[in-house]
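Q: Please take a close look at a single part of this model, one chain, and describe it in a connected account. Start with local detail and work outwards.

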Amino acid sequence: MDFVVITLLNSVAYGLLLFMLSSGLTLIFSMMGVLNFAHASFYMLGAYFAYQISTWSGFWLGLLLAPLLVGGVGMLVEWHGLRHVRRFGHVAELLFTFGLAIVFEELVPLIWGKASVPYAVPAQLEGALFSLHGAAFPIYKGFMMAMSLGMLAALYGVLTRTRIGLIIQASLTKPDMVEALGHNVPRITMLLFGGGTALAGLAGVIGGNAFVTEPSMAASVGFIVFVIVVVGGLGSLGGAFLASLLIGALQTFSVTLDVTLQQVLTLIGLSLPADTNLARVSLVQLGPVLPYLLMVAILILRPRGLMGVRES
Amino acid sequence: MTAPSSLPRQVLIWAAIFVIACVLPSLFRSGFLVSVLSQIAIMAVFALSYNMLLGQTGLLSFGHAVYYGLGAFATIHLLNGLGKSATPLLVALLPLGGGAAGLVAGLILGRMTTKKAGTTFAMISLGIAELMFATTPIFPSVFGGDGGFAGNRMAGKGSFLGLTWGPQIEIYWLVLFWAFVSAGLMFALTQTPLGRVANAVRDNPERAEFIGYDTRQVRYRMLVLSGLFAGIAGGLSALNYEIVTVDMLNAHTSGSVLLMTYTGGIGHFFGPVLGAAMITLMQTLVGGLTHAWLLYFGLFFLFMVAFAPGGMASVLSRQSALVKAGLWRCLLPHYALAAAPAALACLGAVGLIEMAYALLAGHDAASFMGTSIRLHTLLPWLGAASVLIGGIAGLKWVIGGMSDAWHQALSQLQGGKP
Amino acid sequence: MTASVPALCISGLRKSFGASEIIRGIDLDIAKGERHAIIGPNGAGKSTLFHLISARLAATSGTIALKGEPVTGLKPFEINRKGLSRSFQITNIFHSLSVFENLRSAVLWSLGYKYSFWHRLSVLRDAKERAEHVMCDIGLQNRRDTAAGILSYAEQRALEIGITIAGGADVILLDEPTAGMSHSETDEAVALIRRVTENKTLVMVEHDMGVVFGLADRISVLVYGQVIATDTPQAIRANPLVQEAYLGTTPVSGNAS
């Protein structure tokens, strides 16, 4: 039971981190109608920027500056790149972000090397927060959760309580009308893109040292974030939140539970021929498959996603 | 998007490609060239099949490698299954087995993917492809684990029309034969009711429903046929390399074919062929020179999306129309004027990237035009950066005039038409 | 099928979006060969009614029968195959295809070529002739190979009608065919509509009263999602209820009762 509690906490920490990524992606999608393929690249940039700053002046300054820097890069990308491609349509926009992801994935090792960098958890946050019968829950995971929840509250506050948040909400559904009311929609778009990428950057700052900071980190998390926004429903923040926790749990539990497919199926009263390869497949092996399976199933059964309002 | 090209021009392009494909290997008896040409022909079929979706039906797929990869696996299994009875004639027919595998995969997967177009299609194609790839380690008997499967196209005895498929040049002729057959069929498809209605569905799916067409059925049929040709391409690849690995059906392969097709030009039938040739050449030539090839490629792709969304084919056809109309003369000075700063900017960027790669590889010095550059000093970096910035500034300076001249020429071109 | 079967029979049709009911119980019979106009103030639900008939939207309740056959719940393409074709208020054409290809695409299904990939378009004489015939009808023969997206507005409107009639449907729905046209363009459009809907059933939504009274055999007046009157043009002109609705002297109260 204690093991389950710890794993559950771990999965929530991971799920909240995923939500930090997917919320930015969702906001950008709502505003621009385009899935940002380079979104995970900004996550990676956040981790590397934070690492670089931490080598000069420690973790905390990186935590503050790195997301801002990433947001700045995001705004530049929107301002000098995406904005000009928009007139060619959504496919061109999407492909632009696709190309951007390739460039980032090549640029990062060019600057920081191909191997992982020693971006470490700060000493203040090392150690166990508490332990249950030998199973420890690290302080840093607790810190991640606190950061994510704080960000979540801040995001909610900005979107619902501030003037800019209301304008953004209006722009999400009726950009023409907002423009007609005299607001500068291109600038709002740029700011939103910057904000969304800054969120990804923040996720990178606190995720980079919890996991590994390496050039392939964008690719490994990129597809998962797509799965989340699709499963949650394109453009739905609530859906993204739900799906983030779901996928976080799915991934965390599948790597920690040492059971085979046969055993899982027995639980629900099914069985496979004992001698086949399929029966010996363990859940750890199936782990990477599960998110995609979920995404395909959702797209077939409920193309709007869990809480989505539009289909494409 | 579909340029109304006259039939003689189409014939001319087919003939030109045919002549180039046949003459080049006879002219230069180089094994390297032949293997590059084989690769181009295979990728051309794959990219053409991809464009049946993207260019003709308006479906952006991130998982087309599934059909290509399954075609390759089917072919290698057939080849190994035949063993010693794989006579050269049978081997020559094996790509059809790959095509059948692609077709069947399309029949099954298309049911799930073609319900919707747009982002939903893109995401579900990505999801299914990732699902497929992530599942491969569970079925080592089908996908062969990390090592994949090897085969031997000369396992059987005898010959067919004097061909044994031993030398690379012989397999090149086989690849070329199937490439032309496939391309011919795919071209023919664009001239059929289904092909035309696919264009209509791409342009305006809603209206297509109001002229009697079930858009889902149109998409489904196009996807299945596209799977067939992607499978043939995969089969050709299996025969050409005699090895098939799971990498053939991963997201990277799906991405490559998308990039080839798009940079070649999705609005012209031959655009994907051009893209396949261009990217494969870049990959082998630039990839041999520098480790930074993917970075250059990414930058090139960004440039294409931002400035030439119609791809190379549309750039070429625009220019050739301008040449024909005699308007090129007005543009030539502008092109020449822009070429110098553009070259400077490229030089600066390449310099920076190459020095960074050299540094990354642990070198202290790099050589440029015979002189040694010390990488740990500031000067070469400043030099390269100022060349880059100077080039960009120069480009900004001349680009206004060029764009004016360009629009003027274009409006003359359109106005001049009857 | 006897001559008395109406081309279109709508009964008890309702449509709600959330809490607001846009179509509030419509009963309407349109005879074969009739030219029927639907008029009414903005927001009366005219376009919604068209969307319901052509299955672009699903009705909340009620039934629709086409030539005596129930078509409620069918998909747009299924209704189209049964002989009902419609145009759109906002031009809805195949932008990158040429004028000729737009029209040829529109005739393919009805000529039975369906999803064929074994016929060559260039040898399909019947499709070519029918497309060219429609192209002459709508006066776009000079623009044969021009991409539809770069035609002028009036030309696009004509093509819109062309695509609608090309399939040979015998019940034609036109949604504001003359919207945004100048006087001379409108006159040409009226002549065109008269020409191409010869011997067909026509239902049209139109704001231009000149067009309505010039073309229609009967007129229905739609106000707040209900038909307050259906009659000949003369009778509609004289109808006090209609005058009320249009001049707004007294609020429109529940009319049907």
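A: **A close look at chain C**

Just after α1(C), Ala55(C) has a positive phi of about 70 degrees. The model is predicted, and local features are given at pLDDT of at least 70 and side-chain atom pairs at pLDDT 80 or more, while totals for chains, interfaces and linings use all residues. Residues are numbered from 1 along each chain as its sequence is written, with chains lettered from A and ligands numbered from 1 in the order in which they are written.

Helix α1 of chain C covers residues 46-53, and six of its eight residues are buried, so the helix is largely enclosed by the rest of the structure. Here a residue is buried if 20 or more other C-beta atoms, placed from the backbone, lie within 10 Å of its own, exposed if 12 or fewer do, and partly exposed in between. Helices are DSSP runs of H or I with at least four residues, strands are E runs of at least two, and both are numbered from the N terminus. The buried residues of α1(C) are Lys46(C), Leu49(C), Phe50(C), His51(C), Leu52(C) and Ile53(C).

Another helix of chain C, α3, contains Asn102(C). Asn102(C) is buried, with 30 other C-beta atoms within 10 Å. Leaving aside residues up to four places away in sequence, Asn102(C) touches Ile93(C), Phe94(C), Leu97(C), Ala148(C), Leu159(C) and Ile163(C); a contact needs C-beta atoms, placed from the backbone, within 7 Å. Ala216(C) is 114 residues from Asn102(C) along the chain, and their C-alpha atoms are separated by 28 Å.

Across the chain as a whole, the secondary structure comes to nine helices and 10 strands. The radius of gyration of chain C, 19 Å, is close to the 18 Å that the globule rule gives for 257 residues, so chain C is as compact as a globular protein of that length. That radius is taken over C-alpha atoms, and the rule is 2.2 Å times the number of residues to the power 0.38. The C-alpha trace of chain C spans about 60 × 40 × 40 Å along its principal axes. Of its 257 residues, 44% count as buried. Among contacts in chain C with a separation of 6 or more, 66% come from residues 24 or more positions apart.

Chain C also meets chain B, in a contact that takes 32 residues from chain C and 27 residues from chain B. On the chain C side, α2 (76-81), β6 (84-86) and α3 (99-108) each give two or more residues. α3(C) gives the most to that side, with five residues.

Definitions and conventions. Two residues are in contact if their C-beta atoms, placed from the backbone, lie within 7 Å.
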